[in-house]
Number of protein chains: 2
Amino acid sequence: MDKEISKAVINRLPRYYRYLGELMENKVERISSGDLSKIMRVTASQIRQDLNHFGGFGQQGYGYNVAYLYTEIGRILGLDVVHPMIIVGAGNLGQALANYGDFEKRGFKLVGIFDVNPVLAGITVRGIEIRMVQDLPDFLKSSPVDIAILTLPKNKAAQMADLLVENGIKAIWNFAHLDLDTPEYVIVENVHLSESLMTLSYKLGEYKKSHCGDE
Amino acid sequence: MDKEISKAVINRLPRYYRYLGELMENKVERISSGDLSKIMRVTASQIRQDLNHFGGFGQQGYGYNVAYLYTEIGRILGLDVVHPMIIVGAGNLGQALANYGDFEKRGFKLVGIFDVNPVLAGITVRGIEIRMVQDLPDFLKSSPVDIAILTLPKNKAAQMADLLVENGIKAIWNFAHLDLDTPEYVIVENVHLSESLMTLSYKLGEYKKSHCGDE
């Protein structure tokens with residue numbers, strides 16, 4: 001059944017998951033597509049269409065069972081299993097991500113932190129000792145790792161991605177500011193912060209133009 | 001002229017800007033759409049179509065002038081002017097972003113860091129002292145700020161966004177894991193890290209299914 005879900009729907013699932021989680025925190029047990037549509041600011045028909053993909057969650061005049069939908073979407077997103085992760089690049093961003101407790105709550109379990117800089121060796125972040133990348137191949141042989149978070153600078157990231165793939169990593173969450181040249185089967189999800197900021201800058205420029213008459 | 005550029009083209013501009021910057025670093029002065037297409041992994045016709053929006057950059061048998069195109073795209077993205085920024089939320093992520101020198105190179109200049117936690121008051125990050133949010137309204141009256149980077153936890157972010165907007169902020173780069181309820185004229189660019197990680201998790205699940213025959 002999962003195979004038939006379109007990419008557009010999949011991209012919307014994390015947002016559904018977030019809102020359903022908030023409803024659960026607020027002890028809401030059932031919600032109509034109309035009410036969900038109001039808080040999520042999408043049309044009720046979009047919600048019905050999206051959630052119908054998972055079959056029979058909603059009932060006329062009864063609404064959606066929040067906990068069931070939350071669990072089911074979590075399962076589809078793979079949040080019902082533990083994903084061991086490593087961080088490669090223990091600089092500011094790597095350490096910030098290591099300290100981000102929310103990931104672990106959703107099954108993303110940090111099992112190792114690596115860097116190339118000897119100065120960082122042995123420093124502990126959230127109870128995990130920073131190791132040198134020379135130890136990475138051995139580490140990956142003995143510990144199952146699902147996801148590598150790549151937070152090294154651009155000039156070191158390409159080579160590191162190769163090393164990760166050679167040692168069996170199938171999924172890379174890439175924060176380095178380049179497009180990785182990995183085999184097709186490797187899943188890469190990019191977070192290009194600079195590009196997000198540039199988009200904001202572009203929109204701000206458009207706003208200023210339209211409000212200051214400056215073409 | 002800018003008005004006619006489609007949203008899809010705009011979204012691709014930061015990536016062009018990045019590759020052109022790399023070409024400049026490598027002292028490449030001209031490049032054909034064919035060669036640019038190879039390194040960027042998009043079709044040459046897509047490149048020609050996109051870059052034609054800016055009129056007459058490429059010449060048959062001569063290629064694009066890298067520096068000119070880089071400067072021009074930078075100008076369209078608003079990178080030719082200085083954007084004063086503040087960070088609101090001086091936790092791990094806020095400090096990591098404060099320490100990210102690349103932003104400043106592109107004109108995004110950090111002028112203030114704020115937090116709600118008195119423990120952080122007076123600590124200096126990259127030469128900027130962390131202030132308390134009570135000082136924010138006065139600060140914004142005396143210092144022009146284009147962009148507020150919101151890195152507070154979710155439960156504090158909504159209220160803070162209201163305060164920022166009340167004090168004249170027009171653009172928010174939002175890292176808090178919620179959709180901000182701001183007036184329509186306020187530009188919000190979201191970086192929802194958890195959602196990016198969930199998308200990676202979903203794809204990894206699909207990969208494992210297709211390779212382990214487990215439906």
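**Exercise 1. Determine which strands of chain A are crossed by helix H9 of chain B, and at what angle to E10(A) this helix runs.**

Solution. Step one: H9 of chain B comprises residues 193-212. Step two: this helix lies across E4, strand E5 (108-115), E8, E9 and E10 of chain A. Step three: H9 of chain B runs at about 170° to E10(A). Axes are lines fitted to C-alpha atoms, for helices over the stretch in contact, and angles run from 0 to 180 degrees between N-to-C directions. Helices (H or I, at least four residues) and strands (E, at least two) are DSSP runs, numbered from the N terminus.

The model is predicted: local features need pLDDT of at least 70, side-chain atom pairs count only at pLDDT 80 or more, and totals for chains, interfaces and linings use all residues. Residues are numbered from 1 along each chain as its sequence is written, while chains are lettered from A and ligands numbered from 1 in the order in which they are written.

**Exercise 2. Describe the sheet of chain A that contains E10.**

Solution. Step one: seven strands of chain A form an open sheet with mixed pairing, in the order E6-E7-E5-E4-E8-E9-E10. Two strands pair if DSSP finds at least two bridges between them. Step two: the edges are strand E6 (124-125) and E10 of chain A, each pairing on one side only. Step three: E10(A) is joined to E9(A) by four bridges in the parallel sense, and Asn190(A) in E10(A) stands opposite Asn174(A). Step four: helix H8 (residues 154-166) of chain A lies across strand E4 (83-88), strand E8 (147-150) and E9 of chain A, at about 170° to E8(A).

**Exercise 3. Characterise the side of chain A that touches chain B.**

Solution. Step one: the contact takes 42 residues from chain A and 42 residues from chain B; residues are in contact if their C-beta atoms, placed from the backbone, lie within 7 Å. Step two: H9(A) gives the largest share of the side of chain A, 14 residues. Step three: this side divides into 22 nonpolar, twelve polar and eight charged residues. Here Ala, Val, Leu, Ile, Met, Phe, Trp, Tyr, Cys and Pro count as nonpolar, Asp, Glu, Lys and Arg as charged, and the others, Gly among them, as polar.

**Exercise 4. State how chain A can be laid on chain B.**

Solution. Step one: a turn of 180° with a shift of 0.0 Å along the axis lays chain A on chain B with an RMSD of 0.0 Å. Copies are superposed by least squares on the C-alpha atoms of residues with pLDDT of at least 70 in both. Step two: that is the relation of a two-fold axis. Step three: the same surface serves both copies, as 100% of the contact residues of chain A recur in chain B.

Note on methods: Contact = placed C-beta atoms within 7 Å.
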